[in-house]
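Trainee: I am new to this structure and would like a close look at one part, the surroundings of the ligand. Could you walk me through that part and then show me how the other regions you know of are built?

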Amino acid sequence: MKVLVIDDNVALCRSMQITIEEQGHEVSCAHTAADGLRLFEERLPGLAFIDLNLPDRSGLDVLREVCQSGTGSLAVMITGAQDMKATIEAVRLGAYDYIRKPLDLDAVLVTIEKACHHFSEQKKKNVTPIQTVSDHPREIVGASPAIINVIKLIGLLSESRIPVLILGESGTGKELVARALHEASTPKCPFVAINCSSMVPTLLESELFGHVRGAFTGAEHEKIGRLELAAEGTIFFDEIGDLPLDLQGKLLRTVQEREFERVGSTKTISLRARIIAATLRDLESMVKKGQFREDLYYRIAVATIAVPSLRERRNDIPMLVEHLLASISLDLHKLTSGIEERAVRRLQAYDWPGNVRELENVLTRAVLHSRDPVLTDKLIAESLGQYSQSKPVDGIKTLRDAEKEHVEAALVATGWNISQTAALLDISPTTLRKKIGDYNLAHPERVV
Ligand SMILES: Nc1ncnc2c1ncn2[C@@H]1O[C@H](COP(=O)(O)OP(=O)(O)OP(=O)(O)O)[C@@H](O)[C@H]1O
Ligand SMILES: [Mg+2]
């Protein structure tokens with residue numbers, strides 16, 4: 001393995017170099033941050049030891065660059081005994097390990113052994129590497145027919161200004177789709193969202209339409225509503241299913257006449273924004289039950305986009321995992337260089353009632369708890385267990401093991417009476433004997 005040591009103490013570098021080279025590794029040394037980073041780029045070492053106190057820059061800066069390089073290199077911080085805060089910061093930035101001065105050369109060798117093991121495990125496990133920097137954090141990721149259809153619809157609908165209703169379970173990406181449609185239609189204009197479920201009705205009304213001074217108690221100043229703020233852009237009604245009935249009536253008029261008034265005013269203002277609404281509710285059945293105005297429903301559901309649930313597009317999960325991990329790593333300032341393939345398969349097997357948002361939560365939790373740049377299957381299993389009622393994939397036995405246990409149980413139940421056991425299992429005594437041989441089952445009293 002290639003090892004880089006960055007420390008201004010020349011004697012210490014020298015002794016580390018001799019010790020590490022004796023174990024058959026290639027070592028290069030630098031005594032400043034600038035030289036260290038230059039050597040890092042030139043040689044791309046598997047492991048870099050970085051002293052916290054370098055003459056030109058803080059070792060933490062160097063560590064950050066190494067951890068965020070996306071090369072998969074591991075960084076070990078060398079700190080003094082009193083540097084607890086810096087040590088914590090180093091771990092937060094993604095340090096693989098840290099060692100303390102005065103340096104114990106055996107500890108250095110143990111760290112190198114651990115790193116070698118890490119790289120060989122990673123090779124064996126077929127780790128999917130993650131690109132750390134994501135160019136389009138707001139991209140709709142996916143290649144399944146259902147999601148391609150959504151993207152096509154966005155393209156088609158971006159040509160017009162007709163209202164669009166976005167339907168989908170919670171966490172499927174309804175808001176993401178709304179924003180994408182806005183970006184594709186009127187990118188230079190405002191995108192204004194209003195969440196119909198999070199406000200009391202009176203507040204919601206004045207948020208939406210605005211109000212004049214003195215319109216109601218507490219209305220001390222004039223307020224411009226969100227319909228007006230959206231200008232030529234988009235007004236996004238999130239959770240429109242939760243809009244109270246009286247406001248549904250007011251909104252209907254606004255959509256029909258394309259004009260409205262601020263609360264307490266008679267001056268009409270024209271509606272210029274495009275309306276996009278979203279809901280996880282079944283609006284049609286709400287209409288049937290009288291909980292949602294039918295006329296408003298037909299006005300806003302001129303075109304609909306159904307966002308598929310994650311379980312309907314499991315093949316997109318690996319791609320989404322890669323995309324989400326890149327942005328989570330950036331947000332948390334923690335390097336993630338990959339995820340074990342077994343872990344990805346586990347994620348694909350799960351049912352995701354909370355869809356992409358739940359996937360995001362599970363991954364965030366795993367990244368937070370990971371001591372390693374590669375997310376392990378074990379960690380993902382734990383993270384899934386904590387966040388959701390995942391099915392216990394671990395408890396599922398192979399068919400062979402299950403059969404073996406079942407045959408053994410039947411034998412024990414009959415006291416190893418072959419013909420009785422065969423009858424119980426509805427197989428011939430010959431088949432039973434063959435299974436006893438195949439599975440290497442032994443009568444307990446005959447075990448030595
Ligand atoms: N296809 C996708 N590609 C990339 N990220 C996605 C995709 N779908 C959803 N996400 C991400 O999942 C999270 C949830 O998406 P969003 O808030 O748009 O969902 P929602 O349907 O509005 O959810 P809720 O019903 O909880 O309001 C966001 O962080 C979003 O960026
Ligand atoms: Mg939403």
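Mentor: Here is a walk that starts at the ligand, moves to two residues in that half of the story, and ends at a sheet with its helices.

Please keep in mind from the outset that this is a predicted model. Let us begin with ligand 1. There are 17 residues around ligand 1, and those that come nearest are Val141, Gly171, Lys174, Arg357 and Glu360. Backbone atoms take part here as well. A polar backbone atom of lysine 174 is 2.8 Å from an oxygen atom of ligand 1. For glutamate 175, a backbone N or O atom lies 3.1 Å from an oxygen atom of the ligand, and for threonine 172 the corresponding distance, again from a backbone N or O atom to a ligand oxygen, is 3.3 Å. On its own, ligand 1 has 630 Å² of accessible area, and the protein covers 86% of that. Three elements give two or more residues to the shell around the ligand: α7 (174–185), α13 (317–332) and α15 (355–369).

Now look at arginine 313, which sits in the loop between β15 (303–306) and α13. Is arginine 313 buried or exposed? Its relative accessibility is 4%, so arginine 313 counts as buried. The side chain of arginine 313 makes a polar contact of 2.9 Å with the side chain of aspartate 316. Setting aside residues up to four places away in sequence, arginine 313 touches Val141, Gly142, Ser144, Ile147, Pro308, Leu320 and Val356. You have met Val141 already, as one of the residues that come nearest to ligand 1.

Next, follow helix α15 to valine 367, which is found in that helix. Valine 367 has a relative accessible area of 2%; buried means under 20%, so this residue is buried. Beyond residues up to four places away in sequence, valine 367 touches Leu325, Ile328, Leu332, Lys334, Thr336 and Leu375. Alanine 303 is 64 residues from valine 367 along the chain, and their C-alpha atoms are separated by 39 Å.

Finally, turn to the sheet. This open sheet has 5 strands in the order β2-β1-β3-β4-β5, with parallel pairing. Its edge strands, each pairing on one side only, are β2 (26–30) and β5 (97–100). On average, neighbouring strands of this sheet are turned by 20° against each other, direction ignored. To see one pairing in detail, find β4 (residues 74–79), which runs parallel to β5 and is joined to that strand by 4 bridges. Within this pair, valine 76 stands opposite aspartate 97 of β5. Helix α4 (residues 84–93) packs on the sheet, where it touches β4 and β5, and its direction makes about 160° with that of β5. Another helix, α2 (residues 33–43), lies across β1 (2–6) and β2, and runs at about 150° to β2.

The loop between α2 and β3 (47–51) holds leucine 44. With 48% relative accessibility, leucine 44 counts as partly exposed. Apart from its neighbours within four places in sequence, leucine 44 is in contact with Leu39 and Thr71. Leucine 44 and leucine 4 are 40 residues apart in sequence, while their C-alpha atoms are 8.8 Å apart in space.

Definitions and conventions. Residues are numbered from 1 along each chain as its sequence is written. Chains are lettered from A and ligands numbered from 1 in the order in which they are written. This is a predicted model: local features need pLDDT of at least 70, side-chain atom pairs count only at pLDDT 80 or more; totals for chains, interfaces and linings use all residues. Side-chain values use heavy atoms; hydrogens and water are left out. Two strands pair if DSSP finds at least two bridges between them. Axes are lines fitted to C-alpha atoms, for helices over the stretch in contact, and angles run from 0 to 180 degrees between N-to-C directions. Contact means heavy atoms within 4.5 Å. Buried means under 20% relative accessible area, exposed over 50%, partly exposed in between (1.4 Å probe, protein chains only). A residue is near a molecule or strand if one of its heavy atoms lies within 4 Å of it. A polar contact is a pair of N or O atoms within 3.5 Å; within protein, one must be able to donate a hydrogen and the other to accept it, and residues adjacent in sequence count only if both atoms are side-chain atoms. Accessible areas come from the Shrake-Rupley method with a 1.4 Å probe; for residues, only the protein chains shown count as cover.
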